[in-house]
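Here is a short tour for anyone planning to work with these coordinates. Let's start with one residue and its surroundings, then turn to the cysteines and a helix.

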Amino acid sequence: MEIQTIALNIPAESNFILGQSHFIKTVEDLHEVMVTTAAPAKFGLAFCEASGPCLIRASGNDASLKQVAIQNAQAIGAGHSFIIVMQGAFPLSVLKGIQQCPEVCRIYCATANPTQVIVARNEQGSGILGVIDGFSPKGIETEQDERDRHDFLRQIGYKL
């Protein structure tokens, strides 16, 4: 078995969700979740089929984000994995809907941070072992950091 670290290539001002599901219907169902929970968002999604023709299936409402999702799915190459790349919405807005999608088994991460995916490969195929999301902590939150956090949440509209 070979273990690789795959750095995702996500455009600036984008967020993404990386997960695992179990059925070809994932593509249509995740598309529907995106348009019904974050209608103004632009997105592209890709799903790695794990049986039959083993294709990367894709959808979205933005051609460039769809291509980014396909390229990242291809780099990961793990059966039944999916990635949704979005702009104009935060994962928080769509995550519950995605988790409630019947085909979704697991969410590995939902972030805008630089992310590396740890992938195991053998003669059968590839699987995601986990992710490295962002960076290690550099310290402990101070009172000023806490005020900054509160201000930021209000600035982006998540708190009154």
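Our starting point is T111, which lies in strand β6, spanning residues 104-111. The model is predicted, and in it T111 is buried, with 7% relative accessible area. What does the side chain of T111 make a polar contact with? Its partner is the side chain of D133, at 3.1 Å. D133 also appears in the wider set of contacts: setting aside neighbours within four places in sequence, T111 touches N15, F16, P91 and D133.

Now to the cysteines. How many disulfides does a search of the whole structure find? The result is zero. A disulfide is a covalent bond between the sulfur atoms of two cysteines, and the pair counts here when the sulfurs lie within 2.5 Å. The table shows two cysteines with the closest cysteine sulfur for each.

| Cysteine | Closest cysteine sulfur | Sulfur distance |
|---|---|---|
| C54 | C48 | 9.7 Å |
| C101 | C105 | 9.8 Å |

C54 has no bond to C48 because their sulfurs are too far apart, at 9.7 Å. The sulfur of C101 is likewise too far from that of C105 for a bond. As for their surroundings, C54 is partly exposed, at 45% relative accessible area, whereas C101 is buried, at 4%.

Finally, the helix. α4 covers residues 143-155, 13 residues in total, and reaches 18 Å from its first C-alpha to its last. That is close to the 18 Å expected at 1.5 Å a residue. Just after α4 comes G157, with a positive phi of about 90°.

How values were computed. Residues numbered from 1 in each chain as written. Predicted model: local features only at pLDDT ≥ 70, side-chain atom pairs only at ≥ 80, totals over all residues. Heavy atoms only, no water. Buried < 20%, exposed > 50% of the residue type's maximum accessible area, 1.4 Å probe, protein only. Helix = DSSP H or I, 4+ residues; strand = E, 2+ residues; numbered from the N terminus. Expected span 1.5 Å × (residues − 1). Polar contact = N/O pair within 3.5 Å; in protein donor to acceptor, adjacent residues only side chain to side chain. Contact = heavy atoms within 4.5 Å.
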